[in-house]
Each structure stands twice: as C-alpha cells, then as structure tokens.
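Visitor: I am new here. Please walk me through this structure, one short question at a time.

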Amino acid sequence: LIVLASPIFYLEGWNPAQGIYWMVVSGTTLGFGDFGPTHEGSRIICIFWIPLAVAVLGEFLGRIATIYIDRRNSSVEEKFL
C-alpha cells in the first residue's frame, strides 16, 4: 500500500507525515477532506489505491476483531462450564 501511495505524496508535494496521514484516513474510509489528491496523475492512482486500501485494512481489522471475539468466547465458555 505504501509503495502504491508514494507517487501520490510526490505528485501532491506532501511530506511523509502528511502522506501517511492521508493513507490512514483514506484507507479507513474516514475521509476528513483536509487532504485530497488534486493532481490528475494522483487521482488516477487513487482509483486503484483506495479500494485496495479499504480491502486490506478491512481484512486486517477483521482479523483483530476475530482474535478479540475468540478470546472473549473462550473466557465465557470457561466460566460457563
């Protein structure tokens, strides 16, 4: 995700902190609107990057949630039995 988003940082003239911030906000679908692609090339890259980032981050967060729920269910089962 970072490799694909790096050209966006360059084309937009953002520093790395701004770029990472934009990646996280866009990838988690928060979209505050304070940073956004304005260069035509970066908009084209975003057509591919944003859906990919949403899918990857969704899978990542889903796995974290699964671990949490499995641990909680195990704890509840131990108390019940």
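Guide: One definition comes first. Contact means heavy atoms within 4.5 Å. This is a predicted model, where local features need pLDDT of at least 70, side-chain atom pairs count only at pLDDT 80 or more, and totals for chains, interfaces and linings use all residues. Residues are numbered from 1 along each chain as its sequence is written, and side-chain values use heavy atoms, with hydrogens and water left out.

Visitor: Among contacts between residues at least 6 apart in sequence, what percentage join residues at least 24 apart?

Guide: The count starts from contacts in the protein between residues at least 6 apart in sequence. Those that join residues at least 24 apart make up 54%.

Visitor: Which pattern does the protein follow along the sequence?

Guide: Helices (H or I, at least four residues) and strands (E, at least two) are DSSP runs, numbered from the N terminus. The protein has three helices and zero strands. Read along the sequence, that gives α-α-α.

Visitor: Is the protein more spread out or less spread out than a compact globule?

Guide: The radius of gyration is taken over C-alpha atoms, and the globule rule is 2.2 Å times the number of residues to the power 0.38. For 81 residues the rule gives 12 Å, and the protein has 18 Å, well over that. Along its principal axes the C-alpha trace spans about 60 × 20 × 20 Å. The radius of gyration therefore makes the protein more spread out than a compact globule.

Visitor: What percentage of the residues count as buried?

Guide: Buried means under 20% relative accessible area, exposed over 50%, and partly exposed in between (1.4 Å probe, protein chains only). Of the 81 residues, the buried share is 20%.

Visitor: How far apart are the end C-alpha atoms of helix H2?

Guide: Helix H2 covers residues 16-27, twelve residues. The expected span of a helix is 1.5 Å times one less than its number of residues. For H2 that should be 16 Å, and the model agrees: the end C-alpha atoms are apart by 16 Å.

Visitor: Which helices do the buried residues of H2 pack against?

Guide: The buried residues of H2 are Gly19, Trp22, Met23, Val25, Ser26 and Gly27. They pack against helix H1 (2-12) and helix H3 (40-80).

Visitor: At the start of H2, which backbone nitrogen does a side-chain oxygen of Asn15 reach?

Guide: A polar contact is a pair of N or O atoms within 3.5 Å; within protein, one must be able to donate a hydrogen and the other to accept it, and residues adjacent in sequence count only if both atoms are side-chain atoms. The oxygen of Asn15 comes to within 3.0 Å of its partner. That partner is the backbone nitrogen of Ala17.

Visitor: Just after H2, what phi does Thr29 take?

Guide: Thr29 sits in the loop between H2 and H3. At 56% relative accessibility, Thr29 counts as exposed. Thr29 is not a glycine, yet its phi is positive, at about 65 degrees.

Visitor: How many aromatic pairs does the structure hold?

Guide: Rings of Phe, Tyr and Trp (its six-membered ring) pair if their centres lie within 6.5 Å; planes under 30 degrees apart count as stacked, over 60 as edge-to-face and the rest as tilted. Ring pairs link Trp14, Tyr21, Trp22, Phe35 and Trp49 into a cluster. The number of aromatic pairs in the structure is four.

Visitor: How many residues apart in sequence are the parts that Tyr21 and Phe35 tie together?

Guide: Tyr21 and Phe35 form an edge-to-face pair, 5.7 Å centre to centre with 70 degrees between the planes. Tyr21 is partly exposed at 31% relative accessibility, and Phe35 is partly exposed at 24%. Tyr21 lies in helix H2 and Phe35 in the loop between H2 and H3, so the pair ties together parts whose separation in sequence is 14 residues.

Visitor: Is Ser42 buried or exposed?

Guide: Ser42 is in helix H3. Leaving aside its neighbours within four places in sequence, Ser42 is in contact with Ile8, Leu11, Glu12 and Pro37. A polar atom of its side chain lies 2.8 Å from the backbone oxygen of His39. At 0% relative accessibility, Ser42 counts as buried.

Visitor: How far apart in space are Ser6 and Thr66?

Guide: Ser6 is in helix H1. Ser6 and Thr66 are 60 residues apart in sequence. C-alpha to C-alpha, their distance in space is 31 Å.
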